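Trainee: I'd like to learn how to read a structure like this one, feature by feature. Could we go through it together?

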Amino acid sequence: MRAVRIAAAVSLVLLAAGCGTPGSGPSEMPRATPTKPDAAPPPPPDKGPLCDGDKDGGPGAAGTRILRGGFTRLAGGAPIAYAEATADGTHRKAVLAEGETPADRRDGQHWTVAPGDDLTVKGQTYTVRQICTYRVVLTPKNPDDATPAPSPSEQGNTMKNWPTTVDGRWRLRWHVPDTQYGGAGYSVVLSNVSDDPKRADIGVGAVQGDRANYTDARVGDTLEIAGRLWKVEDINVGNMDVPAKSGGFTAGYVDLRLVN
């Protein structure tokens with residue numbers, strides 16, 4: 001198995017100086033350092049289904065969305081993360097955890113939920129509307145508890161055409177963040193690619209917007225990034241078992257195909 005592991009996880013805050021002027025975009029660049037290949041066996045493929053509960057599979061599903069591996073602040077301010085996913089081929093469950101960081105989540109409260117369950121956080125009750133491989137959607141019982149839409153950054157809606165796609169395909173290159181300046185201020189980085197089977201770790205940060213950390217994503221998986229759905233179309237592990245400055249080094253990449 002060929003793998004390049006990254007010692008520092010994507011910080012889920014965005015790019016730093018050197019990629020824009022102060023105040024014009026993300027404030028911090030995710031840092032990562034290659035380490036020895038990880039010999040841990042890959043997790044088994046998800047049994048599916050892709051989504052359970054509400055049949056609306058589009059990115060505009062009403063409710064509060066919590067993306068896989070990331071967290072969203074509910075109306076009362078509680079940060080809730082989509083920590084784990086399980087499926088038996090017919091139905092899905094999700095483990096939600098309170099906290100922004102992995103350390104916070106280890107010590108915070110956990111809930112294992114299925115579609116249709118009620119979830120009460122800080123006195124506010126939500127219904128689990130949908131569980132997908134890539135997100136959980138919550139609907140507040142009280143409309144006043146709905147999470148407001150984020151307001152635009154000071155640059156407004158510049159760079160509306162981000163990300164750059166070619167024939168609907170978005171290529172993420174290993175360790176090269178792809179950043180949106182203005183709007184929600186997304187930054188997406190391919191932090192790891194592995195072989196046998198091919199899989200990738202993709203982190204999504206945002207100044208204002210949905211954060212995610214898709215680990216061990218495989219060809220055919222669906223991801224939600226920047227309010228749109230993408231299918232993992234290709235994973236190329238490159239040749240990264242040699243020194244980066246050698247003539248034989250080639251960085252890996254992932255191609256995402258826009259679904260809707």
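Trainee: Let me start with a small detail: which residue in β19 does Lys-231 stand opposite?

Mentor: Lys-231 stands opposite Arg-257 in β19. Before we go on, keep in mind that this is a predicted model.

Trainee: What is the general idea behind strands that stand opposite each other?

Mentor: Strands in a sheet pair through hydrogen bonds of the backbone, and the pairing can be parallel or antiparallel. In this case β18 (residues 228-236) and β19 (residues 253-258) pair in the antiparallel sense, over six bridges.

Trainee: What is the strand order of the open sheet that holds β19 and β18?

Mentor: The order is β12-β19-β18-β17, four strands with antiparallel pairing. At the edges are β12 and β17 (222-225), each of which pairs on one side only. On average, neighbouring strands here are turned by 40° against each other, with direction ignored.

Trainee: Which other four strands form an open sheet, and in what order?

Mentor: Look for β5-β6-β7-β8, an open sheet whose pairing is antiparallel. Its edge strands are β5 (71-73) and β8 (110-113). From one strand to the next, the twist averages 30°.

Trainee: How many bridges join β6 to β7?

Mentor: Seven bridges join β6 (residues 79-87) to β7 (residues 92-98). Within this pair of strands, Tyr-82 stands opposite Leu-96 in β7. Tyr-82 has another partner too: the charged end of Arg-68 sits over its ring, 5.4 Å from the centre. You can find a charge over a ring elsewhere as well, where Arg-171 lies over the face of Tyr-253 at 3.8 Å from the ring centre.

Trainee: And on the other side of β7, what joins it to β8?

Mentor: Four bridges join β7 to β8, and the two run antiparallel. Ala-94 has Val-113 in β8 as its bridge partner. Val-113 also belongs to the covered face of β8, along with Trp-111, while His-110 and Thr-112 make up the uncovered face.

Trainee: So a strand can have two faces that differ in cover. How many residues of β15 are buried?

Mentor: In β15 (residues 199-206), eight of the eight residues are buried. Arg-199, Asp-201, Gly-203 and Gly-205 point one way, Ala-200, Ile-202, Val-204 and Ala-206 point the other way, and all are buried.

Trainee: Which strands are joined to β15 by bridges?

Mentor: β14 is one, joined to β15 by eight bridges, and β16 (residues 212-217) is another, joined by four. Both pairs run antiparallel. On the β14 side, Leu-190 stands opposite Ile-202 in β15; on the β16 side, Ala-200 stands opposite Ala-217.

Trainee: What do the turns look like?

Mentor: β14 and β15 form a hairpin with four residues between them, and Asp-196 in that turn has a positive phi of about 55°. β15 and β16 form a hairpin with five residues between them, where Gly-209 has a positive phi of about 155°.

Trainee: Let's turn to aromatic rings. How many aromatic pairs are there?

Mentor: The count comes to three. In one of them, the ring centres of Trp-162 and Trp-170 are 5.4 Å apart and the planes meet at 75°, so this pair is edge-to-face. Both of these tryptophans are buried.

Trainee: Why is the pair of Trp-162 and Tyr-186 called stacked?

Mentor: The planes of these two rings are at 0°, with the centres 6.0 Å apart, so the pair is stacked. Trp-162 lies in the loop between β11 (135-140) and β12 (169-173), while Tyr-186 is in β14 (residues 186-194), 24 residues away. Trp-162 and Tyr-186 are both buried. Ring pairs link Trp-162, Trp-170, Tyr-186 and Trp-230 into a cluster.

Trainee: Last topic: how many disulfides does a search of the whole structure find?

Mentor: The search finds one. It is formed by Cys-51 and Cys-132, with their sulfur atoms 2.0 Å apart. The torsion about the S-S bond is about 110°, so this disulfide is right-handed. Cys-51 lies in β3 (residues 51-53) and Cys-132 in β10 (residues 124-132), so the pair ties together parts that are 81 residues apart in sequence.

Trainee: Is Cys-132 buried or exposed?

Mentor: Cys-132 counts as buried, because its relative accessibility is 0%.

How values were computed
Residues numbered from 1 in each chain as written. Predicted model: local features only at pLDDT ≥ 70, side-chain atom pairs only at ≥ 80, totals over all residues. Heavy atoms only, no water. Phe/Tyr/Trp six-rings, centres within 6.5 Å; stacked < 30°, edge-to-face > 60°. Buried < 20%, exposed > 50% of the residue type's maximum accessible area, 1.4 Å probe, protein only. Lys NZ or Arg CZ within 6 Å of the ring centre and 35° of its normal. Pairing = 2+ DSSP bridges. Axes fitted to C-alpha atoms, helices over the stretch in contact; angles between N-to-C directions. Disulfide = S-S within 2.5 Å.
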